[in-house]
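Trainee: Could you take me through one part of this model up close? I'd like to hear how the sheet is put together and what sits around it.

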Amino acid sequence: METLDKFDIAILKELQTEARLTNAELASRVGLSAAPCWRRVRALEESGFITGYRAEINRHKIGLGVLAFVRLDAERNTGDATRLLEEAIKKLPEIVSCHYISGTGTFELQVVAQDLEAFSKFALQNLINLPYVKDLHTSFSLGEVKASSALPLGHLSRNTT
């Protein structure tokens, strides 16, 4: 599956909004019958357009009131050093996302914690002790304006016939 048509795009849009739709509900929303809709969803999964389904959890409700953005500067950026650092980052569940960045720094992390004291303890015991870490620069979220994992799909509609 290399290209997406209007039905595939509609399926992606609906599942991003509500992944728990039954196949019958999804088919109705996108204008297909159940069997073709199911086949398209399977094809989207098999070709890697859909990579998983998960529940979105309110971090505040489970006691994770702090969201920190941590720019991590690596001591050196050799292949082996970077791989060791990546593997260590992947093992820490408090780090909910990690990106290579351009400009100053090597990685930008999003870290959650119960409160500032818990974050401070995590930073001093874990982050600063990751392999090849030279420095950390932290900013804290003062409030979320928008938090979404849904991707924009409008550009796909312009590319369909």
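**The sheet and its surroundings**

Mentor: Let's start at a loop that leads into the sheet: Tyr132 lies between α5 (116–125) and β4. Keep in mind that this is a predicted model. Tyr132 has a positive phi of about 70°, although it is not a glycine. Most residues other than glycine have a negative phi, so that one deserves a look on your screen. Is its side chain buried or exposed, you may wonder? Neither, quite: with a relative accessibility of 25%, Tyr132 counts as partly exposed, because buried would need a value under 20%.

Now follow the chain into β4, which covers residues 133–140. This strand belongs to an open sheet of four, ordered β2-β3-β1-β4, with antiparallel pairing. At the edges you'll find β2 (95–100) and β4, each of which pairs on one side only. On average, neighbouring strands here are turned by 20° against each other, if you ignore direction.

Next, go strand by strand. β4 is joined to β1 by seven bridges, and the two run antiparallel. Look for Phe69, which stands opposite Ser139 in β4. β1 itself spans residues 66–74 and is mostly covered, with seven of its nine residues buried. Seven bridges also tie β1 to β3 (residues 107–113), again antiparallel, and there Leu67 stands opposite Val112 of β3. Carry on to β2 and you'll count five bridges between β2 and β3, which are antiparallel too. In that pair, Tyr100 faces Phe107 of β3.

Something also packs on this sheet: helix α4, residues 79–90, touches β1, β2, β3 and β4. The direction of α4 makes about 20° with that of β3.

While you have the model open, take a look at a helix pair as well. Helix α1 (residues 6–17) and helix α2 (residues 23–30) have axes that come within 10 Å and cross at roughly 125°. The two are therefore oblique to each other, and α1 passes α2 in a right-handed crossing. On the α1 side, the contact is made by Phe7, Ala10, Ile11, Glu14 and Leu15, which meet Leu26, Arg29 and Val30 of α2. Sort the residues of this contact by type and you get six nonpolar, two charged and no polar.

Technical notes: Residues are numbered from 1 along each chain as its sequence is written. This is a predicted model: local features need pLDDT of at least 70, side-chain atom pairs count only at pLDDT 80 or more; totals for chains, interfaces and linings use all residues. Side-chain values use heavy atoms; hydrogens and water are left out. Axes are lines fitted to C-alpha atoms, for helices over the stretch in contact, and angles run from 0 to 180 degrees between N-to-C directions. Angles under 35 degrees count as roughly parallel, over 145 as roughly antiparallel, 65 to 115 as roughly perpendicular and the rest as oblique. A crossing is left-handed if the near helix is turned anticlockwise from the far one by less than a right angle, and right-handed if clockwise. Contact means heavy atoms within 4.5 Å. Ala, Val, Leu, Ile, Met, Phe, Trp, Tyr, Cys and Pro count as nonpolar, Asp, Glu, Lys and Arg as charged, and the others, Gly among them, as polar. Buried means under 20% relative accessible area, exposed over 50%, partly exposed in between (1.4 Å probe, protein chains only). Two strands pair if DSSP finds at least two bridges between them.
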